[in-house]
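Reader: I'd like a close look at one part of this model, the metal site. Could you walk me through that part slowly, and then show me what surrounds it?

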Amino acid sequence: MTLGDVSSQTDGHDPAALAREFEAIIAGGMRIEPRDWMPDGYRTTLIRQIAQHAHSEIIGMQPEGNWLTRAPSLRRKAILLAKVQDEAGHGLYLYSAAETLGADRADLNAKLLAGTQKYSSIFNYPALTYADVGVIGWLVDGAAICNQVPLCRSSYGPYARAMIRVCKEESFHQRQGYELLATMMAGTAAQRAMVQDAVDRWWWPTLMMFGPPDTDSPHSATSMAWGIKRHTNDELRQRFVDMTVPQAEALGVTLPDPQLCWNEKRGAHDFGTPDWNEFTDVIAGHGPCNAERIARRTRAHDDGAWVREAATAFAAKLRTLEGKAR
Ligand SMILES: [Fe+2]
Ligand SMILES: [Fe+2]
């Protein structure tokens, strides 16, 4: 397969030669950098993926952020505060990475609020108890790690480099979740029941985070050919299940899937099929919290208008002062 359409921005160079150079960089496992020529399709695919990733980090602050004022101890509050702040940071790195491709941050934000760009379906589910904070860290951040570690080798340099730090922080998120759950599982029967209930509610939506099955994933093949993605949705889902089952055993929780069992022949776990109709519904905006998440994000954006105005005015003032000093 040829790797893409030829961009109109060839700067007078031979388009076919530019395309060959691009393909050679990808084939050699090297990185494409912002100033390199790239096919239009590569650029738009990356902008879509990075924007969706950035939006997920920002919207993802909401389910757990809701528990900040009700953390059960100062220690738990400090941990959760650090975690939620990390997610804001991830969003900002990723918006910056999208900007290196020529995307405009205000435009990306407008598309998020208008619903024309998506974020991960998982953040449309509610966090009902403090056990959910633990389960989100353990399962949701665990799934994010499976998805994101291979992105550290993504073919686009700024995205790959952003992922290195993001993954280190995700690893802390996963461990804090697991540690919270281990503490609760060593507590009372009521605490153990809370953990099991949260696991029951989050397990299937977490498996959906890897996206539709490979047979039904429209962008996968191109993203793999371009080295943007390194593994298919189903490969990553399998990796996550295999990684999580022993952790669930160590915690003493049951994963809510009667079909889950070790397959000696495959050397991997067999597991049931997520409810893909539910996934489609949530992506289409009909999940339990879609409207609430966007309404809250819109309010936060409006409330921040004065900060953006002040920062713009300050930057203009600095430019005037610098002009006078010259
Ligand atoms: Fe994150
Ligand atoms: Fe995280």
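**The two-iron site and its surroundings**

Author: Let's start with the iron ion (ligand 1): its 4 donor atoms make angles of 86 to 145 degrees, and the site is irregular. Keep in mind as we go that this is a predicted model. The donors here are E57 (OE), E87 (OE), H90 (ND1) and E170 (OE), at 2.0 to 2.2 Å from the iron ion (ligand 1). Read along the chain, they give you the spacing E-x29-E-x2-H-x79-E. That spacing joins distant parts of the chain, with E57 sitting in helix α2 (residues 40-59) and E170 in helix α7, 113 residues apart. Both E57 and E170 are buried.

Now hop over to the iron ion (ligand 2). The two iron ions, ligand 1 and ligand 2, are 3.4 Å apart, and E87 coordinates both of them. Around the iron ion (ligand 2), the protein donors are E87 (OE), D141 (OD), E170 (OE) and H173 (ND1), and they lie 2.0 to 2.2 Å from the metal. The 4 donor atoms of the iron ion (ligand 2) subtend angles of 85 to 160 degrees, so this arrangement is irregular too. For a yardstick, ideal angles are 109.5 degrees for four tetrahedral donors. In sequence, the donor residues of the iron ion (ligand 2) run E-x53-D-x28-E-x2-H. Here again distant parts of the chain are linked: E87 belongs to helix α4 (residues 74-99) and E170 to helix α7, and 83 residues separate them.

How hidden are these ligands? E87 has 5% relative accessibility, so E87 counts as buried. E170 comes in at 2% relative accessibility and therefore counts as buried as well. The cut-off behind both calls is under 20% relative accessible area.

Since helix α7 carries E170, let's follow that helix a bit further. Helix α7 (residues 157-185) packs with helix α10 (residues 233-251) at an angle of about 30 degrees, and their axes are 10 Å apart. That angle makes α7 roughly parallel to α10, because anything under 35 degrees counts that way. On the α7 side, the residues that meet α10 are Q174, Y178, L181, A182 and M185, and their partners in α10 are M243, Q247, A250 and L251. Sorted by class, this contact has 7 nonpolar and 2 polar residues, with no charged ones.

One of those α7 residues deserves a stop. L181, in helix α7, has 0% relative accessibility and so counts as buried. Setting aside its neighbours within four places in sequence, L181 is in contact with A131, G134, V135, W138, V195 and L251. As for V195, it is 14 residues from L181 along the chain, and their C-alpha atoms are separated by 6.8 Å.

Next, a loop that touches helix α2, the one that holds E57. S120 lies in the loop between α5 and α6, and with a relative accessible area of 16% S120 is buried. Not counting residues up to four places away in sequence, S120 touches S56 and M209. The C-alpha atoms of S120 and I283 are separated by 8.2 Å, although the two residues are 163 apart along the chain. S121 is in that loop too, between α5 (105-114) and α6 (130-148). S121 is buried, with a relative accessible area of 5%. Beyond its neighbours within four places in sequence, S121 is in contact with F279, V282 and I283.

D275 makes a contrast. D275 sits in the loop between β2 (268-270) and α11 (276-286), and its relative accessibility of 40% means that D275 counts as partly exposed. From D275 to N124 is 151 residues along the chain, and their C-alpha atoms are separated by 15 Å.

Finally, here's another helix pair to set beside α7 and α10. The axes of helix α12 (residues 290-303) and helix α13 (residues 305-325) come within 4 Å and cross at roughly 35 degrees. H301, D302 and D303 of α12 make this contact with A305, W306 and R308 of α13. By class, the contact of α12 with α13 has 2 nonpolar, 1 polar and 3 charged residues, whereas the contact of α7 with α10 has no charged residues.

Technical notes
Residues numbered from 1 in each chain as written. Chains lettered and ligands numbered in written order. Predicted model: local features only at pLDDT ≥ 70, side-chain atom pairs only at ≥ 80, totals over all residues. Heavy atoms only, no water. Axes fitted to C-alpha atoms, helices over the stretch in contact; angles between N-to-C directions. Helix = DSSP H or I, 4+ residues; strand = E, 2+ residues; numbered from the N terminus. Parallel < 35°, antiparallel > 145°, perpendicular 65-115°, else oblique. Contact = heavy atoms within 4.5 Å. Nonpolar A, V, L, I, M, F, W, Y, C, P; charged D, E, K, R; others polar. Donors = N, O, S within 2.8 Å, 3.2 Å for Na, K, Ca; no water. Tetrahedral: all angles 85-135°; square planar, octahedral: opposite > 155°, others 65-115°. Buried < 20%, exposed > 50% of the residue type's maximum accessible area, 1.4 Å probe, protein only.
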